[in-house]
Structures are given as C-alpha cells and as structure tokens.
Amino acid sequence: MAQAIQSREPVSGTATSPKKRRRSFVLDLYGTAVGKKYAMAITGIMLLGFVFAHMVGNLKMYLGPQDFNHYAEFLRELLVPILPRTVVLWLMRGGLFLAVVVHIHAAYGLTRLNRRARSVKYQSPRDYQVASFASRTMRWTGIIVFLFVLWHLADLTWGFANAVGNDGSFVRGDAYGNVVRSLERVPVAVLYIVANIALGIHLFHGVWSLFQSLGWNNPRFNKWRRQLATGFATIIVVGNVSFPIAVLAGIVGK
Amino acid sequence: MNAAHGNHLTNLTLKIWRQTGPSDPGKFESYRIDSISDEASFLEMLDVLNEKLIAEGREAIVFDHDCREGICGTCSLMIDGQAHGPQRGTATCQLHMRKFHSDQEIVIEPWRATAFPIIKDLMVNRTAFDRIIEQGGFITAPTGGAPDANLIPVAKPVADAAMDAAECIGCGACVAACPNGAANLFTGAKVAHLNLLPQGQAERWSRVEAMVEAMDEQFGSCTNHGECEAACPKSISIDVIALMNRDYLKAKVKNRKLIAQI
Amino acid sequence: MTALDSKIPDGAIADKWDNYKTGMKLVNPNNKRKFKIIVVGSGLAGASAAASLAELGYQVDVFTFHDSPRRAHSIAAQGGINAAKNYHGDGDSIHRLFYDTVKGGDFRSREANVYRLAQVSVDIIDQMVAQGVPFAREYGGLLDNRSFGGAQVSRTFYARGQTGQQLLLGAYQQLARQIGLGNVRLFNRCELVDTVVIDGQCAGIVVRDLVNGEITSHAAHATVLATGGYGNVFFLSTNAMNCNVTAAWRAHRNGAYFANPCYTQIHPTCIPQADDTQSKLTLMSESLRNDGRVWVPKNLGETRPANEIPEDDRDYYLERLYPSFGNLAPRDISSRAAKRAVDSGRGVGPLKNGVYLDFAAAIGRLGKEVVQERYGNLFEMYERIAGENPYDVPMRIYPASHYTMGGLWVDYELMTTIPGLYCAGEANFSDHGANRLGASALMQGLADGYFVLPYTIGNYLAPMLNKPIPGVDHPGFLAAEAEARGRYQRYLDIKGTRSPDWFHRELGKIIWDYCGMERTEQGLQKALSELPPLYEEFQKDLRVTGDGASTNQTLEKAGRVDDFFQLGMLMCRDALERRESAGGHFRAEYQDEEGEAQRDDENFAHVAAWEWTGDPMHAIRNVEELEFETIHLAKRSYK
Ligand SMILES: Cc1cc2nc3c(=O)[nH]c(=O)nc-3n(C[C@H](O)[C@H](O)[C@H](O)COP(=O)(O)OP(=O)(O)OC[C@H]3O[C@@H](n4cnc5c(N)ncnc54)[C@H](O)[C@@H]3O)c2cc1C
Ligand code: HEM
Ligand code: HEM
Ligand code: SF4
Ligand code: F3S
Ligand code: FES
C-alpha cells in the first residue's frame, strides 16, 4: 500500500536567503570557481612569461660560457645602481613564487570542487568527444612540472643536487658549467626532457584555456587560440629539450 | 500498418542501470532485443523492452521522457559513454535505431552528478537547474505595464545571438558530459540570452553574479574541456561560458562601485 | 437540462471587457495574501496565471507532474503566436483577428470571449518582449511577422521554430522569480488525482506524489486547472507522452461540465507513421506551408521518386481547390484534403500514407540560405526522424491529432460549473469553437493566464474575505484521498495480462478510426459498442508491475488510460449527437456536393456541455445557445 516513505517539501523562497557579507574584492572573486579560474589564468600567464623568458635566456648557452654567465650575472645586476644588486631578481622570484602558490592553491581548490560535484563516478567507460588528453591531465602534468622545478632549483640554483658531477662540484656563478655538469648525467637529462614535455602538454591546453577563463572570446581571433597554444607549447618544448640533448651531444660543453 | 519496409536490427544486448531508489547502490542488468525496426526511436526501443518486461511480470525500467521531439529537455540517458548518445546535436528522444547496428551491445546509464541525484533506475532529479534560474535567470517585468514591443528595436544579430543561447532545453547533458560535472554551459546560456538583450541590461550584473554563485554551490568548475558543447542537443557554443566569465568579473567590479556610491 | 449562464457582460462587443473590469469587485492589496490559490499546470496558461497572481500578492501553490515547470507541453509549440498588432500595416485589427478566429472556429465559439482574446493579444506581445523572449526581428530591429493558416494578414510572431519554447521559458522564468521570492510554492512531480467539492464550492485538490506515491490533500480559496489538452486519447498524437485528461476529467466527475469533447483538431503537417512501434507523431510546423507546396502524384500507382515526377503529373490539390488560400487553407480543410488524396490511393512514401510538402520552388525563389534561415531547425528535425534531407527530397506529411478545442465548460470569467474552480488554456473549451486557427492557442493560453484570470478570480474572492474555508482534515478531503488510494491500489491488484499501453493503443485505434478526421453515424455507433467491453476488459485484465510506493510510470499510465476510456466514450457520444459538420468535427453525412463541411445553424449553433451522471454512456447533454450579435453566420469558405 502506498505508505509514503518520506514526504517531499514544496520549493519556495530559494532566493530570499540574506546576501552574505561582501569580503574584499579579491577574496570575493576568488571565492567562486569562476574567480579561481581568473586566478589560475593570470598566474598562468605570469608563469608563461617566465618560462618563455627563461627559455630564451637559456639559448645564450649556445653562445658559450661567457655570454651565458654574463646573462646569469645580468639578471642579478638588473636596475643596478638604482636598486642594490639582486633586488630586482628577488622581486621577480617573489612574484614567481606567489604565482606558483596561487596557481596551485586554486588548482587544488577546483580539483576538490570537481570531485565533490560527481561523488559517484560513471560505472561504464566514458567516450570523450573533444576533451583532449592535455585537458584531462592538467593536474598531473602540473604536478610533474612542479616536482621538476623543485629538483631543478636544488640542481642549478642551490646546487646540492649538482655536486655529483663527474668532475668536481657546483660552482656558484658558473651557471654554464653547472648546467653542463648536470645535464651530462643521462638520467638527469632524461628527467629534463620528460618534465619539459609534461610542461608542453600542460601549456597545449592551458594557453588555449586561459582565453576562455578570462572571457577573452571574440569571433575575430577565436580561431587563432588553438594555433597560438600549439605554437607556444612547441617553442617551449623544442627550446628547453634542445639543451639536454645539446649537452649530451657535446654541442654544448667545455 | 505493416512495418515491412525499412531494415530491422537484430540481437541487441542492452546493459541498463537499475536502481530501486536513491539509497540503493544499483547495478547493471542485461536485456535482449531480438529485433527492432531501424525506424524506431531509441526510446521506442525502450518502450518495446518495457512492454516485454511487463509481459514477464517484471517492473518496467523508469526513464524520464515527455515530448519526444527534442524540445522539452526531459529525456536524458548516458548511451555508450555519451550524453544523449552518439548523434551530435540530438537529444536521446530524437536518436533513432538507424544509428546502431545488429548484434551491438548498448550500455545505458543515468546522468551522474551530485547535484542530479538518481530517483530511480535512469531517472534523475535535475531541479538544481531551477534553483539557478530562481536566483536571477529572469527579467523582472511584472504582468501589465510593459511598453510597446517595438519601442526598443533589437539589432537582428543581437536577437539571433540571444536566440542561439535561449535554445537551451535544460536537459543537463552538459553537466552529465562534463568531466568536472560543471553547469557552466547551462548557466552561461541563460546569462548570454538575457544579458545580450537590451531588455536584460537593468539586471545584467546582479543576474550574472547571483547565477554564478548559485551554480557554484552545487556544480563543478569549468576547465574548458568542451565536452558540454559536444553533448548539447542544441549545440550551444562554449562562447557563452566566456561571456559569462567576462560579465562575472565586470559584475564584481560594477557592484562594488555601486555600493561605494551609497 | 440546467440552463448555463455564461455571464457575458452587457454593452457593445468592444466594450464588454472594459465594462466587466469597471464593474468587478476588487480585493485590497493587503488582503490578497489572505487568499490561497491553487494552480494546477505550469504551461503557458498555468505559469502565467501563477506568476501574475503571485505578483498581485496572493499565496499561490503550483502543481505539475513534470520535474520542472519549464517542461510543460507548451514548450513544443513551433510556429508562432498571433496578435493584432498590425505592425506591417496590412490591414490587421482587433476586429479582424476576432472575425478570423470566429470564422476559423466555424461559428461555434462565444463572440464575447473571442473579442476579449483579440483585445488582449496585443498586450501579450509587449509582455513577452519585456521578459526577454527573443522573437524574430527584421534588420531594422523591429519585430518580424509571418502569415499562418486561415489568415490573409501577417500577424504571427515567432522565434525560429521554437516559439512555444521561448514563450514558456519567459513565463517559467517569471514564475521562477516568484518561487525564489517565496510567493509561490512549487509542488513538482505531483499529479492531480481528484478535485474536492464541499458545499457546492471547489475546496481544493488531491494529488499523488509521483516520486513516493504519497497521496495528499490541498485546500484553497480558488483552484485553477491549466492542464492542457486530451489529444492523447488517440494514443498517436503530436502531444507529449505524458499529456492526459485526468485533471479535467476528475473535475468533470465532480460536477464540472465537459464541453464539445468531439471538437478535436487534426493537424495537416505531421510526419507520417513509420512503423508500429511508433509511440507518438511529430508535428512539422504549419508555418512550413508558407513556402512549401503540397502535392501528390496525379496517377495511381505512381512509382517514380518525387523529383522525377514532371509538373503535369503532379496534383497541387490545395492550390487547385482553394485558389485564394492555397497551401494556407485552414487545418481541418487541409487535413481532410490530404486524407482524401491518400484514401484515393495516391499517397506517397513506403507505406503510401503521406503527401508531399515540396520546397523546391521556394529554394529556387528565395535561395537555400533564406529557406534555411526560416526553417533550418525544422528541416533538421525532419531529417533526424525520417532520415531524408528535405532540401533534396520533398517532405512527406500526413494529418495527426494535435489539439483539442473541447474541454471543461467555462463562463466569461473562465469559471467552470463548479464555483471556485477555474479552467484556462487548452484544458477549457472557450475560444476556438469547432476549429482552432494556427498560432492562436499560445495566444489564448497567455491571455487566460496573464490578462483574464488575475481579474476574474479577484471578483470571486472579494466576498470571501475572512470567511473560513474547509481544511484538509474535512471529511470531504479524507473521502477523496481514500478513494484515490483505493483506485491506485486496485490497478496494482488486478494483476491481469495486458499493460496500460496495450489498452491505450486499442482505445486510440477505435477513436482514430471512428471519431477522427471523418465521422459517420454507423462508425460512432460501432465505437460506442466496442468501447464499453474494452473498458471492462481494462478493469479486469490490466497488469501493472512494481509497487505504489516509489516512482512507477506504469501505474501513472494506468490512471491516465482509465480516464481516457471514459472521455473516449463521451467524445463519441458528443460526435454522434452533433448531427452537422463543423470545423474539426466532420460528419460524412453532412457535406455539400464539393465535400465541404455543412453546418446546421438551425439546430446546432450551440455548445454541448456534458454533465456527469456516474457513467459516460449516460452523461446528460446541456446546451449553451450561441448568440451572434456582431458577426452574421456565413458559410465558411476559403475558396
Ligand atoms: C507539437 C505542437 C505544436 C504546437 N504549435 C502551436 C503553435 O505554433 N501555435 C499555437 O498557438 N499553438 C500551438 N500548439 C498548441 C499549444 O502549444 C497548446 O495548446 C498550449 O501550449 C497549451 O498550453 P497549456 O498551458 O494550456 O497546457 P500545457 O502547456 O500542456 O501544460 C499542461 C500543464 O499541466 C500539467 N498537468 C497536466 N495534467 C496534470 C495533472 N493531472 N496533475 C498535475 N499537473 C498536470 C502539466 O504538467 C503541464 O505543466 C502546438 C501544440 C503541439 C502539441
Ligand atoms: C606548479 C604546478 C602546477 C599545477 C599543479 C598546475 C595545475 C593546473 C591545473 C589543474 C590547471 C587547470 C585549471 C582548470 O582549468 O581547472 C592549470 C591551468 C593552467 N596552468 Fe598550470 N599548473 C602548474 C604549473 C603551471 C606552470 C609552470 C605553468 C606555466 C608555465 C602553468 C600554466 C597554466 C595555464 C596557462 C593554465 C590555464 C589556466 C586556465 O585554464 O585559465 N601551470 N594548471
Ligand atoms: C632544460 C631547460 C632548462 C635549463 C637548461 C634551465 C637552466 C636554469 C639555470 C642555469 C638556472 C639558474 C639561473 C641562475 O641561478 O642564475 C635556472 C633557474 C631556474 N629555472 Fe630553469 N632551466 C630549464 C628549464 C626550466 C623550467 C621548464 C622551469 C619551470 C617551469 C624552470 C624554472 C627555473 C626557476 C624557477 C629557476 C630559479 C630562477 C631564479 O634563480 O630565480 N627552468 N634554470
Ligand atoms: S546547455 Fe545544452 S546540454 Fe546543457 S542543459 Fe542546455 S540544452 Fe542541455
Ligand atoms: S565540458 Fe565542462 S569543463 Fe567546461 S567547457 Fe564544458 S563545462
Ligand atoms: S523527451 Fe523532450 S527532449 Fe527528449
């Protein structure tokens, strides 16, 4: 007999809840997923800028030790004497650090939100139509890149992962030598290559995606977004992967 | 009338999700369709199966459907891992068996999203969408006292763009297809429809803010996978998501300005 | 026979509505919230009424068996909505719309209601545009119009092929706002299973929760039924699968008269049935007839594919028979013409059950782009269903049950014969007489909901201020609840051998064959002899699997088919008693030498309003005489 399980309530007054107090603009924006995507996109762009400049700078490797080390030195000399030595560099480092922190924090927040949004997964295999491998692996490629950077810093900035070179140890200031010493080690070279491919995949989707996230959508340039992303990712990967290969091939070396 | 013409598909295996209620874990069960005309729609194929089940004294499979013309948005179904099945821009009820072939196994699962709890078998509760509309998916124009319809001309391209977005049938395929369970296409479509029209300007900023925040409470976020657009029976473009994002940022700035002026 | 008072206000036809509004009683704004109004149905009529009443300040409860108000069947309307705006200066006017509607209805509708409909039609467009309905525009940014069957002016506003969708979404959004504000309580997935009358007044309704089977009562000062049409009595129709007559029928059983059930509309342009698993038929908007040309091969047994049949071997029968209206002849006329063509053996398609609707000429004249712009999505829909591309091969169409002009009898205030029970939209019989013109149902639904009910209900409620109404614990409610529980339990207990759908199909066949496009004395007699035994079998041999305590669509269907059976009998009786041909009701015995419908204004210029007696076979036929003061009755000619 239709003994009702639990009665359902009618729907009413769903839009009457008192509006929550406004937090400061940034927090308020960051409070929603759309806002977090703005944060990801903007920090993403900062990181893009760095990765690009960094890649270009590293190209000086092909001009030999002097130029390369001068470049490393030049970074530290920026805006001297207006500002004391390395200040600008530290400012940039600070910016980068902040960007990475925000980027990861947002990524983490969104990932949790998405998991909550589908607490029970599909029980049969999905047949994705357009979602690319890149778009579905952002988290993993991102994490790989992150871990790489940690190792990378230990290797070439702080140096304690560099000391195991076949001749002697990490020499502060001799960026060129450090790079060569490090990349001569096949496993390290492989790590660099893998990490940069992961980065490339991350960017392949990321650079396209940020236009949507920032609401930069315009029939005039929409068709270029994909090409731009592909181009950018390729340049970064080709550039960065060339270094370990060049070192192993002896093109760059003593 | 005879069904002599047209071809028949034979020996179909259906793996269908059965779940007696929200609390039941549920499981797949297999059913067989010996022969079905390729003129039949996918749901008519399920009708045939249900008739068979009733004849065997078993409970019919519960699934949502109504207009069967692809306009009411009641039908759903994840068919072989695709929301609304294999045909682009087509709702399940408009999918026909000529898109399948004999001896095929077809897997049918309900939409899966925390905001769309399963009611029974393949039927889910999509009222989460109504909550989003109730927050701001409207233009406040109480009955009576509206100005003459031709008072405010609307440029044809604008009217057309608004119409493109307004075609959304509220089926939920975007959420079902989205790897993140995001409702950005649905919400973006309504924001675009109303925010593009001159009539919608007065509430433009409060609307997008309220709707995005309502969406946030129940759905996932958008990584721009684009699966939603591919699954949408009205092929609504993810451009509407970009438009919503843009308006949302502007809204945050604008509304703060308004408050500041007080 | 009780006399029916249609409460038509005095004065010249053009002043009646104003006179009514001046004379009516009002409820003071602060007192409005003391009144509870139930609205059943969230289609154009229901949603617009509920939203407007809530805006006025009444407490409104909305019930729908859908999961969301936006799914109501109004969503499926394609072609457009009429309004006497005369934006195109082609001589349209309120009076012309009024005249066209009365004439289109074959002079079987109530002048005063129709005139009011024409009057408020202009406000509807203003209201919907203000709500953001993206009607089609011209390049100048002004609203575009198209012409529709039965009219010689362009007065139809449209939004691509989805006018009903856009209008319903407009009304739904307005309703959603009121729900959000807490002025409306929405009961979704709840089906009305009975109306309750206490001391001669409608006290409220009994509903069944489709999710958990719970049966509950709801009391109110006034109740509105906006529950749509009963076209699904034919089983195969263009209506949505869940459209049903239950709400109206239950009201009828409680004393509301049911008017003109035999006035059903067969739509000329639907996709022909493809096979016998067919569950419903799909409409191709009539607007297609603006540019499509209808034809069949001249020769019997024609075997060539359409494009290979030369012009001289084609019979553009509508253009031949009705030169001035041609392919835009009204629905009933075009439908019968198609039926004759197919019956004559010249039908096209694999089952020879259709006629061609050809766009070759239009594509040649306007170019593919323009045709695509106008009908693109309809063409896609056709291709999805029929698997043929209408840009290359002509469409195949055939008439199908589409709309029901008949419905609960209502007076000028849209009140049924039960005080406090109102009926709006397709569910009532009011404005379309024996045949509805294209694009007039959306107009009527919105007119009822936006611009009529909000006034007339106040007039009824005003005197009830601060008077108590029966609560849901009143024996009247408890009895109705018990009856409903018993009924649904019975369906489960029969444990026969046949499903509700099987019975529905059989019922549909009988109604379609004998009470469809063409009706005869013998046919109707035959139907009336076949229906009762089938209904008895239904009550003995029905099989409903599953239980009543969770979602059970088989059980829902059983309840609906039960009511369809009873309605079906009444339909046939009404068709039998109406010994004339009028609009959608075509009695083969009553036609002129050219096969056109022949009215009998002497004896049948009236509304037949049926009174429940406990058995549809013995319902009592009351009449409301129709006076035509403004329009003089004329032969309805579209030559
Ligand atoms: C395919 C098609 C195309 C059409 N095209 C046009 C057109 O171009 N122009 C035009 O003017 N007209 C058109 N019509 C007619 C028009 O769409 C309908 O007549 C009109 O929309 C009916 O609206 P309504 O509000 O009266 O009922 P509906 O929109 O049918 O709404 C009925 C409501 O009542 C609810 N309901 C029903 N029974 C119950 C119950 N027992 N308990 C609880 N709730 C219940 C339903 O849930 C629904 O919400 C078309 C109709 C069809 C089928
Ligand atoms: C440090 C670890 C990193 C993690 C964990 C990470 C994670 C992610 C994730 C999960 C997204 C998708 C966000 C979403 O759309 O939901 C994303 C987007 C993006 N990431 Fe990263 N990422 C990392 C590093 C980087 C780096 C180093 C760069 C650039 C060089 C970068 C550039 C981008 C860009 C441009 C986007 C697109 C933002 C958008 O969709 O709007 N990320 N990242
Ligand atoms: C094969 C490619 C790369 C090479 C050869 C390389 C080389 C270097 C070198 C030599 C330094 C030290 C600079 C100095 O201390 O003066 C450095 C620092 C750094 N690199 Fe790379 N790098 C590579 C790829 C990357 C990538 C892909 C990232 C990030 C996604 C990255 C992030 C950094 C960071 C964050 C620093 C620290 C910068 C600072 O000192 O502030 N590098 N890199
Ligand atoms: S956006 Fe498309 S997929 Fe999403 S609800 Fe609307 S119609 Fe369905
Ligand atoms: S698929 Fe999902 S991630 Fe965004 S683009 Fe569509 S909502
Ligand atoms: S049933 Fe209406 S859209 Fe599929």
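## Ground rules

A polar contact here is a pair of N or O atoms within 3.5 Å; within protein, one must be able to donate a hydrogen and the other to accept it, and residues adjacent in sequence count only if both atoms are side-chain atoms. The model is predicted, with local features needing pLDDT of at least 70 and side-chain atom pairs counting only at pLDDT 80 or more, while totals for chains, interfaces and linings use all residues. Residues are numbered from 1 along each chain as its sequence is written, chains are lettered from A and ligands numbered from 1 in the order in which they are written, and side-chain values use heavy atoms, with hydrogens and water left out.

## Ligand 1, between two chains

Ligand 1 sits between chains B and C. It is surrounded by 39 residues (a residue counts if one of its heavy atoms lies within 4 Å), and the closest are His73(C), Ser74(C), Leu192(C), Glu426(C) and Leu442(C).

Now for the polar contacts. A nitrogen atom of ligand 1 is 2.7 Å from a polar backbone atom of Leu192(C). The side chain of Ser74(C) puts an N or O atom 2.4 Å from an oxygen atom of the ligand, and a backbone N or O atom of Ala441(C) is 2.9 Å from a ligand oxygen atom.

## Iron in ligand 2

His103(A) and His202(A) are the protein donors here, each through NE2, lying 2.1 Å from the iron atom of ligand 2 (donors are N, O and S atoms within 2.8 Å of the metal, or 3.2 Å for Na, K and Ca; water is not among the atoms, so sites may look incomplete). The 6 donor atoms subtend angles of 86 to 179°, so the arrangement is octahedral (six donors, opposite ones over 155 degrees apart and all others between 65 and 115). His103(A) belongs to helix 4 (residues 87–117) of chain A and His202(A) to helix 8 of chain A, so the pair ties together parts 99 residues apart in sequence (helices are DSSP runs of H or I, at least four residues, numbered from the N terminus).

## Iron and shell of ligand 3

The iron atom of ligand 3 is coordinated by NE2 of His54(A) and NE2 of His152(A), at 1.9 to 2.1 Å. Its 6 donor atoms subtend angles of 82 to 179°, which makes this arrangement octahedral. This pair also links distant parts of the chain: His54(A) is in helix 2 and His152(A) in helix 6 of chain A, 98 residues apart.

Around ligand 3 there are 22 residues, which split into 14 nonpolar, 6 polar and 2 charged (Ala, Val, Leu, Ile, Met, Phe, Trp, Tyr, Cys and Pro are nonpolar; Asp, Glu, Lys and Arg are charged; the others, Gly among them, are polar). Helix 6 of chain A gives the largest share, 7 residues. Arg93(A) has a polar side-chain atom 2.5 Å from an oxygen atom of ligand 3, and Arg76(A) has one 3.0 Å from an oxygen atom of the ligand.

## Ligand 5 in chain B

The residues around ligand 5 include Cys178(B), Cys222(B), His225(B) and Cys228(B). By class, this shell has 5 nonpolar, 4 polar and 1 charged.

Notes:
Helices (H or I, at least four residues) and strands (E, at least two) are DSSP runs, numbered from the N terminus. Four donors count as tetrahedral if all angles lie between 85 and 135 degrees; four count as square planar and six as octahedral if opposite donors are over 155 degrees apart and all others between 65 and 115; anything else is irregular.
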